[in-house]
There are 2 protein chains.
Amino acid sequence: MKAFYHKSLWTLFLILLPYLGWSQGEHPNLVLTAKGVEDLRTNLGKYPLLDKTFNKVKTRVLQALDEEINIPIPKDPGGGYTHEVHKQNYKKMYEAGLLYQIEQNDAYAEYVKKQLLGYAAMYPSLGLHPERKSSNPGVLFWQGLNDSVWLVYVSQAYDCVYDYLTKKERKEIEKNLFRPIVKFFSEQNVVNFDKVHNHGTWMVAGVGMISYVMGDEEMVQKTLKGSKLDGQSGFLKQLDELFSPDGYYTEGPYYQRYALMPFILYAHTLSHRNPELGIYEYRNGVLPKAVEAVLQLSYTNGRFFPINDALKEKTYNTAELVYGVDIAFTHFGQDAGLLSIAEEQGELMLGEEGVAVAKAIAEGKAKPFNYRSLELSDGSEGKNGGLGILRDGDQKDQLCLLMKYSSSGMGHGHFDKLSFSLYDKGVEVLQDYGAVRFLNTVQKQGGRYLPENKTWAKQTVSHNTVVVDAQSNYKGKQKVADKLNSEMFFTVFEDPKVQIISALDTTAYEGVKMQRTMAMISKGEHQKPWIIDLFRVNAEEEHQYDLPFYYMGHKIDSNIPFKIHSNQWNTMGDDHGYQHLWNMAEGNAASHLASFTWLQNERFYTLTSVANTETKYFMTQLGANDPEVNLRKDSGFMIRQPKAKAHTFLSVIEAHGEFNPNAEYTVNSESQLKDLKLLADTEEGSVVMLEDNSSQRWVLMIANQDAAKESKHTVTANGKTYEWVGPYQLQEMTSEL
Amino acid sequence: MKAFYHKSLWTLFLILLPYLGWSQGEHPNLVLTAKGVEDLRTNLGKYPLLDKTFNKVKTRVLQALDEEINIPIPKDPGGGYTHEVHKQNYKKMYEAGLLYQIEQNDAYAEYVKKQLLGYAAMYPSLGLHPERKSSNPGVLFWQGLNDSVWLVYVSQAYDCVYDYLTKKERKEIEKNLFRPIVKFFSEQNVVNFDKVHNHGTWMVAGVGMISYVMGDEEMVQKTLKGSKLDGQSGFLKQLDELFSPDGYYTEGPYYQRYALMPFILYAHTLSHRNPELGIYEYRNGVLPKAVEAVLQLSYTNGRFFPINDALKEKTYNTAELVYGVDIAFTHFGQDAGLLSIAEEQGELMLGEEGVAVAKAIAEGKAKPFNYRSLELSDGSEGKNGGLGILRDGDQKDQLCLLMKYSSSGMGHGHFDKLSFSLYDKGVEVLQDYGAVRFLNTVQKQGGRYLPENKTWAKQTVSHNTVVVDAQSNYKGKQKVADKLNSEMFFTVFEDPKVQIISALDTTAYEGVKMQRTMAMISKGEHQKPWIIDLFRVNAEEEHQYDLPFYYMGHKIDSNIPFKIHSNQWNTMGDDHGYQHLWNMAEGNAASHLASFTWLQNERFYTLTSVANTETKYFMTQLGANDPEVNLRKDSGFMIRQPKAKAHTFLSVIEAHGEFNPNAEYTVNSESQLKDLKLLADTEEGSVVMLEDNSSQRWVLMIANQDAAKESKHTVTANGKTYEWVGPYQLQEMTSEL
């Protein structure tokens with residue numbers, strides 16, 4: 001109701017907008033403003049990071065000024081010669097424009113002018129790009145996306161030299177270059193202009209920015225409300241739909257980082273040109289939330305969680321996020337944690353915000369970024385599940401668990417319902433594979449997603465989650481997956497004794513209900529919490545349930561009497577990703593607890609799970625049926641319940657001890673877990689007991705059906721009754737129950 | 001002749017030594033001296049690293065003072081309770097003694113006194129340790145080695161509190177503790193006392209140091225010249241035989257680091273008590289050379305080259321080398337490169353030398369350690385082959401090649417004749433496996449060397465060198481290996497265009513002569529040199545020759561049409577290490593050049609080798625027949641010449657390009673090598689031609705039989721004659737030959 005009220009007001013405002021006065025004459029006034037120019041001029045030489053950024057830009061521009069201007073007829077696809085030249089050109093124009101504003105040296109403006117006139121001379125003669133992609137054709141580039149990015153940069157360059165140019169020059173440039181481009185986007189390519197999609201955002205941002213420079217108010221309105229001015233598309237609709245209310249972008253952080261850039265650049269322009277719009281407050285501040293969200297979606301090493309298609313090396317030290325971080329610091333509350341990220345980025349945006357960040361850093365205000373436990377809902381209404389993140393410890397040594405119960409994430413999504421990843425001591429411990437791709441590497445299919453991305457990385461078995469009947473979620477059908485999602489059940493972030501994420505899914509496998517509850521139980525100061533993983537599966541029919549864990553280290557020990565395949569390895573299956581797994585070893589547990597210890601990054605980890613006589617265990621290695629050796633040779637540990645209607649996987653993961661090969665000592669290489677039991681497990685609730693070697697016991701009771709705060713739960717098993725109120729209760733004790 | 005003369009003088013000197021006056025009364029005067037105490041007192045609070053070290057020591061000592069003194073009856077073997085307690089006790093006494101000297105607080109001296117009196121009360125009642133090792137039994141510990149180490153520390157503690165103790169207390173301690181220990185070592189355990197072996201060094205060092213404190217001149221003489229005072233054993237003989245003239249210790253750097261400690265501590269004591277001995281000048285300064293050698297035997301990441309049995313994580317940041325580095329800086333020429341190592345070590349020896357180092361660091365004198373290309377001969381006469389190291393580039397990004405053509409290295413040696421390892425950009429690129437061992441890890445056989453150390457790590461096929469008939473050097477017989485070694489042929493370090501190591505072996509395989517020449521050819525500034533690997537094998541009979549390369553990255557490309565084993569893996573053989581290798585893929589080359597490119601640490605590497613129609617190629621992965629998963633799953637690339645009397649493997653290794661997943665670009669992912677040819681290859685000499693993509697050519701001529709500087713060589717092949725003088729000649733050209 002509140003949201004609706006909010007929206008109506010907005011609609012009214014937008015109708016009135018064209019009739020409100022708006023500043024037009026001043027240049028530059030898109031992302032960079034007169035104040036920014038003034039701040040830069042007066043503060044250069046004062047702050048190291050500012051000078052470093054400035055000097056890098058100036059070095060590049062001076063180099064460009066030494067070269068012949070080169071504007072080739074568009075011909076090559078992505079990565080090809082003309083493609084790269086036009087990419088370089090927009091960056092050179094943009095940076096030369098900035099420099100002109102700062103130093104007022106005509107040579108820079110002349111450079112931009114010559115480029116612009118060169119493009120203006122060529123553009124009218126061009127048709128669609130010969131290598132165009134049908135879905136979003138370009139003129140200068142093979143895809144319209146690149147033309148849009150070009151426009152975002154070049155409109156800023158034009159803005160910077162606007163006052164330097166003669167009226168005649170401006171007329172020529174606008175008539176032969178910018179107006180045709182705007183026309184191409186808003187008429188010929190209106191399908192993409194009106195698309196509520198990241199490509200649409202780049203397009204309306206570019207068109208909007210150049211329209212501000214040219215004083216085309218009507219076109220600005222179209223970028224905000226769609227070509228039909230009906231609010232069914234355009235920038236505001238994109239803001240409405242592409243982010244969840246928590247600022248999460250459904251494709252995941254790897255793509256969110258990229259998608260954020262046009263949003264931030266255009267929003268920042270709007271904040272200068274139409275401050276009445278209050279764009280940063282729009283949808284309860286969804287853009288500031290999106291910047292915070294993408295940063296929270298990284299681990300302490302700066303790497304984004306590599307869910308969905310993602311290169312796992314990617315960090316927040318990326319050009320796209322420099323704008324987001326600097327603007328967020330300056331305008332969204334001076335969060336000192338952003339300064340340490342700016343320091344790591346090692347560059348600033350040249351403008352008011354970069355100056356503010358450089359100054360604050362020089363004043364020693366930087367603090368570690370405030371990573372916290374949180375949930376991010378998915379879907380424009382926040383109703384399509386989400387991601388839950390639990391964290392314990394500071395930046396130096398943080399245990400961090402990410403659980404995914406969101407929607408599929410569109411074309412780059414993976415079949416990974418209720419999967420999780422675990423991080424510790426600066427690195428991945430239980431991994432999400434990421435994408436199978438060697439970005440930009442010619443020999444690996446030119447850097448494209450490789451076939452194994454589909455046959456392995458997207459498949460359910462490549463994730464740390466349950467696979468039913470050795471098939472992927474939705475039988476691996478993307479179109480089905482796109483429409484369905486898991487659901488949040490409850491989260492607990494504020495209890496110093498325990499943090500919990502509980503989520504469920506009824507969509508991934510027909511007739512199968514899955515519910516996963518993951519908890520971090522505090523073991524007290526100076527100790528890593530223990531992780532409880534309670535994965536309940538219920539079906540009407542009998543199924544095989546597999547639960548793999550992809551650990552990153554070296555196996556040290558196990559109490560499972562594995563039969564090792566010493567002389568010959570065969571695969572774990574024929575499809576759904578199983579064809580890529582070698583079966584290294586298999587065995588049944590020797591007792592009611594099966595433990596598996598590995599060593600990684602000089603720390604030990606033990607996964608202990610409750611076993612019954614049917615439970616089978618496998619050790620796997622990745623790399624079968626991989627003719628081009630595109631896959632890493634990662635290790636896996638798989639728990640299999642061969643035949644059951646209902647089954648509950650209960651495991652505890654411990655980080656323990658230290659292997660110090662340099663100082664030559666090893667401590668606590670063995671698990672501290674003495675016992676682990678599922679005391680009760682009904683539709684109403686589950687009761688888990690764990691005990692450590694010092695006879696400390698924890699009993700965790702979890703509601704399975706009703707997570708309301710005030711609901712009372714009573715569960716009886718083996719003659720004992722457990723009662724609690726609310727979604728969970730934790731009891732600690734040292735003696736018998 | 002010169003050496004002989006030198007030795008005679010020494011013998012004369014040693015005979016006279018007992019009759020020369022020597023200072024005795026002053027305490028402390030072993031490693032720590034009155035000057036050291038004075039330096040420490042006046043400089044604490046001035047230099048950060050000194051204060052850091054001091055505070056760490058003081059914290060530990062204060063903690064010890066808070067605890068009950070605990071001197072248990074010796075009972076447990078290594079790692080057990082009484083073992084660990086007695087180890088802790090000697091460290092606590094030692095550090096409390098140091099602190100007493102610095103702060104003159106009686107509480108510290110009291111602590112040492114109580115410990116010493118406690119040991120004196122117990123020692124006379126002890127027999128040999130119940131868990132003793134027969135070869136070197138101990139009393140306080142299971143092996144005499146530990147008793148020796150105990151004595152080295154405790155004699156220093158006693159020296160520090162000597163003047164604090166009453167005459168009666170000293171008498172009691174000496175009579176019941178130190179004299180019995182000395183007697184035990186020098187009489188009952190005289191076999192080890194007189195051993196020219198690292199264990200003997202610890203023993204004579206301990207006995208010598210306590211004898212200095214007690215004023216037992218005769219016993220000091222025995223530690224120097226052996227129990228019979230005939231110079232056939234003792235410290236000086238150990239210095240004669242355990243190091244090569246270049247300061248190399250035959251077991252390799254991992255053990256050299258440990259072996260150096262008693263040498264340094266006792267030599268330093270001698271330098272104070274018998275400066276006339278000139279111990280640091282002994283054998284042309286072999287001890288200073290040994291300190292430099294062990295540091296040169298590390299890569300820029302501080303890790304020692306893991307030849308022979310070695311944990312590859314081990315760096316020079318280890319307590320043993322703190323003494324060596326600080327003493328070397330202070331007394332062997334103030335090498336500023338040692339200061340940066342001291343900084344990384346993060347602690348100092350508390351004495352004159354630590355103060356000097358701390359002061360120099362605080363004055364900003366530290367420079368990067370001067371890594372250089374060099375050869376280290378092996379054997380006491382320097383005639384048992386050696387190690388050659390080629391380096392290019394500074395510490396930030398250094399290409400480094402180590403070639404091993406030494407003797408076997410005794411019990412910890414590997415069958416690795418003419419093997420090499422390659423490092424680049426801070427990490428291993430072509431690896432030596434190191435040892436199969438998880439140090440101190442209970443679950444891995446208590447941290448011992450594991451079975452696969454023998455079946456894999458020691459075997460020839462686990463190294464980057466030729467394996468004849470799929471058998472290890474010397475058929476894997478250690479006793480044979482112990483007596484034989486490879487030979488240096490020639491080295492070139494000073495030519496700016498090329499660096500070379502050439503070595504040969506006629507001992508590893510009966511009737512087979514192997515000769516390997518490795519060269520780094522300069523490609524000019526800002527480019528990594530290319531590495532030429534010319535491996536000639538000659539035999540009278542036909543053999544199979546395998547040459548494996550263990551690369552550390554991910555395969556990117558190859559022009560070899562490999563048949564990949566997709567669904568099933570089998571092993572490469574049944575023994576000599578082959579049983580541990582999975583055969584991933586095999587194939588014959590498609591052209592006269594076979595290339596293989598991998599990606600590691602965001603850089604590409606290509607190995608290109610000359611092939612003929614017989615040459616076979618394999619991709620391997622380690623881990624077969626490994627029931628406890630003790631091995632890493634490392635990758636290998638193997639070249640096989642199935643049947644030949646003579647064969648020459650010619651390869652070029654390139655480091656090239658950059659994969660930057662964060663900034664999202666990749667450059668030069670493909671090899672720049674256009675052609676590679678073996679133009680001539682005779683007993684007299686070999687001629688190698690390589691050409692890069694810009695048609696730059698290099699012709700390298702190498703002598704195979706006579707490496708004399710003035711020798712003329714003429715080699716004719718395919719109607720062309722190549723002539724040069726000396727062991728090598730390099731020609732650079734851009735046109736045809």
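**View 1. A hairpin joins strand 24 and strand 25 of chain A.** In this predicted model, 2 residues lie between the two strands. One residue to find in the turn is Asn718(A), with a positive phi of about 50°. Strand 24 covers residues 712–717, and strand 25 covers residues 720–725. They pair in the antiparallel sense, over 6 bridges. To check the pairing, find Val715(A): Tyr722(A) in strand 25 stands opposite.

**View 2. A salt bridge links distant parts of chain A.** The partners are Lys497(A) and Glu732(A). Their closest N and O atoms are 3.1 Å apart. Lys497(A) sits in the loop between strand 7 (487–492) and strand 8 (498–505). Glu732(A) belongs to strand 26, residues 728–733. Along the chain, the two residues are 235 residues apart. A search of the whole structure, over all chains, finds 72 salt bridges.

**View 3. Chain A meets chain B.** The contact takes 53 residues from chain A and 55 residues from chain B. Between them, the chains bury about 4,400 Å². Carbon and sulfur atoms account for 49% of that area. Which three residues supply more of the area that chain A buries against chain B than any other three? They are Gln443(A), Lys633(A) and Asn662(A), with 15%.

**View 4. Polar contacts and salt bridges cross the interface of chain A and chain B.** The count of salt bridges between the chains is 4. Glu664(A) forms a salt bridge with Lys314(B). Here the closest N and O atoms are 3.3 Å apart. Across the interface, 32 residue pairs are in polar contact, with both residues at pLDDT 80 or more. Several elements of chain A each supply at least two residues to the side that touches chain B. Among them are helix 12 (253–273), strand 11 (554–558), strand 15 (593–600) and strand 20 (665–667). The residues on this side of chain A divide into 19 nonpolar, 21 polar and 13 charged.

**View 5. Strand 13 of chain A pairs with strand 13 of chain B.** In chain B, this strand spans residues 568–571. The pairing is antiparallel, over 3 bridges. Which residue stands opposite Trp569(A)? The partner is Trp569(B), in strand 13 of chain B. Strand 13 of chain A also supplies at least two residues to the side of chain A that touches chain B.

**View 6. A cis peptide bond precedes Pro28 in chain A and in chain B.** Most peptide bonds are trans. The bond from His27(A) to Pro28(A) is cis, with omega near -10°. Pro28(A) lies in the loop between helix 1 (2–16) and helix 2 (34–43) of chain A. In chain B, the bond from His27(B) to Pro28(B) is cis, with omega near -10°. Pro28(B) lies in the loop between helix 1 (2–16) and helix 2 (34–43) of chain B.

**View 7. Leu229(B) has a positive phi.** Most residues other than glycine have a negative phi. For Leu229(B), phi is near 55°. Look for Leu229(B) in the loop between helix 10 (217–225) and helix 11 (235–241) of chain B.

**View 8. Chain A is assigned domains 1, 2, 3 and 4.** Domain 1 is written in two pieces, 1–30 and 68–236. Domain 2 covers 242–371, and domain 3 covers 374–671. Domain 4 covers 674–737. How many Å separate the centres of domain 1 and domain 3 of chain A? Taken over C-alpha atoms, the separation is 44 Å.

Technical notes
Residues are numbered from 1 along each chain as its sequence is written. Chains are lettered from A and ligands numbered from 1 in the order in which they are written. This is a predicted model: local features need pLDDT of at least 70, side-chain atom pairs count only at pLDDT 80 or more; totals for chains, interfaces and linings use all residues. Side-chain values use heavy atoms; hydrogens and water are left out. Domain bounds come from an automatic or database domain assignment. Contact means heavy atoms within 4.5 Å. Buried area is the accessible area (1.4 Å probe) that two parts lose on being put together, summed over both. A salt bridge is a side-chain nitrogen of Lys or Arg within 4 Å of a carboxyl oxygen of Asp or Glu. A polar contact is a pair of N or O atoms within 3.5 Å; within protein, one must be able to donate a hydrogen and the other to accept it, and residues adjacent in sequence count only if both atoms are side-chain atoms. Helices (H or I, at least four residues) and strands (E, at least two) are DSSP runs, numbered from the N terminus. Ala, Val, Leu, Ile, Met, Phe, Trp, Tyr, Cys and Pro count as nonpolar, Asp, Glu, Lys and Arg as charged, and the others, Gly among them, as polar. Two strands pair if DSSP finds at least two bridges between them.
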